[in-house]
Amino acid sequence: MKSYPKITTVMTIDHYKLLVTFDNRVMKIYDCTLLLEESPFSLLRDKPIFQSVQVDKGGYGIFWNDDLDLSEAELWINGELIDC
């Protein structure tokens, strides 16, 4: 099984996007807009809920609540690399 860098921080930015920093210091932007069309992620249209995102213990993903989460692999593979 492939191993991915762990997440150290996550921040919300404009237009339902996340700025994710990994433990190898790589930063990526992950666009959540397509997720908003799917249940249960449609709850994230509520800005206060979207902005409540947190990093899982150990950096294995992010979560909003017990039902809404994304893995480090999803964010790593589908996030857009940004130059720092």
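**Exercise 1. Is E72 buried or exposed, and at what relative accessibility?**

Before starting, note that this is a predicted model, where local features need pLDDT of at least 70, side-chain atom pairs count only at pLDDT 80 or more, and totals for chains, interfaces and linings use all residues. Residues are numbered from 1 along each chain as its sequence is written, and side-chain values use heavy atoms, leaving out hydrogens and water.

*Step 1.* Get the cut-offs straight: buried means under 20% relative accessible area, exposed over 50%, and partly exposed in between (1.4 Å probe, protein chains only).

*Step 2.* E72 has 11% relative accessibility, so it counts as buried.

*Step 3.* Now place E72: it's in helix α2, residues 72-78. Helices (H or I, at least four residues) and strands (E, at least two) are DSSP runs, numbered from the N terminus.

*Step 4.* Look at who touches E72, with contact meaning heavy atoms within 4.5 Å. Skipping residues up to four places away in sequence, the partners of E72 are Y4, P5, K6, I7, F22, G59, Y60 and G61.

**Exercise 2. Work out the order of the open sheet and find its edges.**

*Step 1.* List the elements: the protein chain has 2 helices and 7 strands, running β-β-β-α-β-β-β-α-β from the N terminus.

*Step 2.* Apply the pairing rule, under which two strands pair if DSSP finds at least two bridges between them. That gives an open sheet of 4 strands, ordered β1-β2-β3-β7, with antiparallel pairing.

*Step 3.* The edges are β1 (7-13) and β7 (80-81); each has a single partner strand, so one side of each lacks a neighbour in the sheet.

*Step 4.* Zoom in on one pair: β1 and β2 (residues 17-22) run antiparallel and are joined by 6 bridges. Here T9 sits opposite T21 of β2.

**Exercise 3. Which residues touch the most other members of the largest nonpolar core?**

*Step 1.* Define the set: buried Ala, Val, Leu, Ile, Met, Phe, Trp, Tyr and Cys residues joined through side-chain atoms within 4.5 Å.

*Step 2.* The largest such core has 19 residues, and L18, I62, W64, L70 and L75 touch the most other members.

*Step 3.* Trace the suppliers: β1 and β2 each give at least two residues, and the largest share, 3 residues, comes from β2.

*Step 4.* Take I62 as a case. Leaving out neighbours within four places in sequence, its contacts include I7, V10, L18, V53, L68, L70 and L75, along with D56 and D69.
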